[in-house]
Amino acid sequence: MKTERISKRHLTAAWKTLSSKPMPKVKALRLSDDDFNHVLKHRQSIEDDFREIEEWGRILSTHGTDACVFNGDETDDVDYIILVRANPYHSMDEIIVHELSHIARGDL
């Protein structure tokens, strides 16, 4: 799986628009559309389904999803991981702010 790292500078600038708290450790990666869909398919949980229903009113197909954010685990050495599809439907700035807003609100 080939990934492209989204710069910490980009993440930090977006975080500053959302919160005055210190930014947690966040890693953001861009994946090919196929790899992104594959990861989403295998990481989907009932909590994710409820979150999508609350946020969007329905469970989204992976075709309509630009990005997702997961809690990191011990092996990741980060608090959160953001995955973004290579060909998103929205701008990268919109996507990063949206995903970081989940972290800032604590809804993960």
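This briefing describes the fold, the helices, selected residues and the largest pocket of one protein chain. The model is predicted. The protein chain has 4 helices and 4 strands, and along the sequence these follow the pattern β-α-β-α-α-β-β-α. The radius of gyration is 13 Å, close to the 13 Å that the globule rule gives for 108 residues, so the chain is as compact as a globular protein of that length.

**Overall form**

- The C-alpha trace of the protein chain spans about 35 × 30 × 30 Å along its principal axes.
- Of the 108 residues in the protein chain, 36% are buried.
- Among contacts in the protein chain with a separation of 6 or more, 65% are between residues 24 or more positions apart.

**Helix 1 and His10**

- Helix 1 comprises residues 8-18, and Leu11, Ala14 and Trp15 are buried in this helix. These buried residues cover an arc of only 105° around the axis, which puts them on the same side of helix 1.
- A general property of helices helps in reading such a pattern: an α-helix has 3.6 residues a turn, so residues three or four places apart point the same way.
- The face of helix 1 turned away from the buried side carries the exposed residues Arg9, Lys16 and Thr17.
- The cover over the buried residues of helix 1 includes strand 1 (3-6), strand 2 (26-31) and helix 4.
- His10 also belongs to helix 1. With a relative accessible area of 24%, His10 is partly exposed, since partly exposed residues lie between the limits of 20% and 50%.
- Leaving aside residues up to four places away in sequence, His10 touches Met92, Asp93 and Ile96. The C-alpha atoms of His10 and Ile96 are 8.3 Å apart in space, although the two residues are 86 residues apart in sequence.

**Helix 3**

- In helix 3, which comprises residues 46-56, Asp48, Asp49 and Glu52 are buried. Seen down the axis of helix 3, the buried residues fall within an arc of 100°, so they line one face of the helix.
- Phe50 and Glu54 are exposed on the other side of helix 3.
- Helix 2 (33-43) is included in what covers the buried residues of helix 3.
- Gly57, just after helix 3, takes a positive phi of about 85°.

**Buried residues in strand 4 and helix 4**

- Arg85 is found in strand 4, which comprises residues 80-85. Its relative accessibility is 2%, and Arg85 therefore counts as buried, the limit for this class being under 20%.
- Not counting residues up to four places away in sequence, Arg85 touches Arg30, Leu31, Asp33, Phe36, Asn37, Thr62, His63, Thr65 and Asp66.
- Glu99 is part of helix 4, and it is buried, with a relative accessible area of 7%. Apart from neighbours within four places in sequence, Glu99 is in contact with Ala67, Cys68, Val69 and Ile82.
- Ile103 is likewise found in helix 4, and Ile103 is buried, with a relative accessible area of 7%.
- The contacts of Ile103, not counting residues up to four places away in sequence, are Trp15, Pro24, Val26, Val69, Tyr80 and Leu108.
- Ile103 and Met23 are 80 residues apart along the chain, and their C-alpha atoms are separated by 9.4 Å.

**The largest pocket**

- As a general point of method, rolling a probe the size of a water molecule over the atoms shows where empty space is left.
- The largest pocket has a volume of about 490 Å³.
- The lining of this largest pocket consists of 24 residues, of which Trp56, Thr65, Ala67, His98 and Glu99 lie nearest its centre. Helix 2, helix 3, strand 3 (67-71) and helix 4 are the elements that give two or more residues to the lining.
- By class, the lining of the largest pocket has 9 nonpolar, 6 polar and 9 charged residues.
- Glu99 thus links two topics of this briefing: it is a buried residue, and it is one of the lining residues nearest the centre of the largest pocket.

Notes:
Residues numbered from 1 in each chain as written. Predicted model: local features only at pLDDT ≥ 70, side-chain atom pairs only at ≥ 80, totals over all residues. Heavy atoms only, no water. Buried < 20%, exposed > 50% of the residue type's maximum accessible area, 1.4 Å probe, protein only. Arc of directions from axis to C-beta. Contact = heavy atoms within 4.5 Å. 1 Å grid on protein atoms, 1.4 Å probe; cavity = no way out; pocket = protein on both sides within 12 Å on 5 of 7 lines; lining within 4 Å. Points joined across faces, edges and corners; volume = space filled by probe spheres on them. Nonpolar A, V, L, I, M, F, W, Y, C, P; charged D, E, K, R; others polar. Rg over C-alpha atoms; globule rule 2.2 N^0.38 Å.
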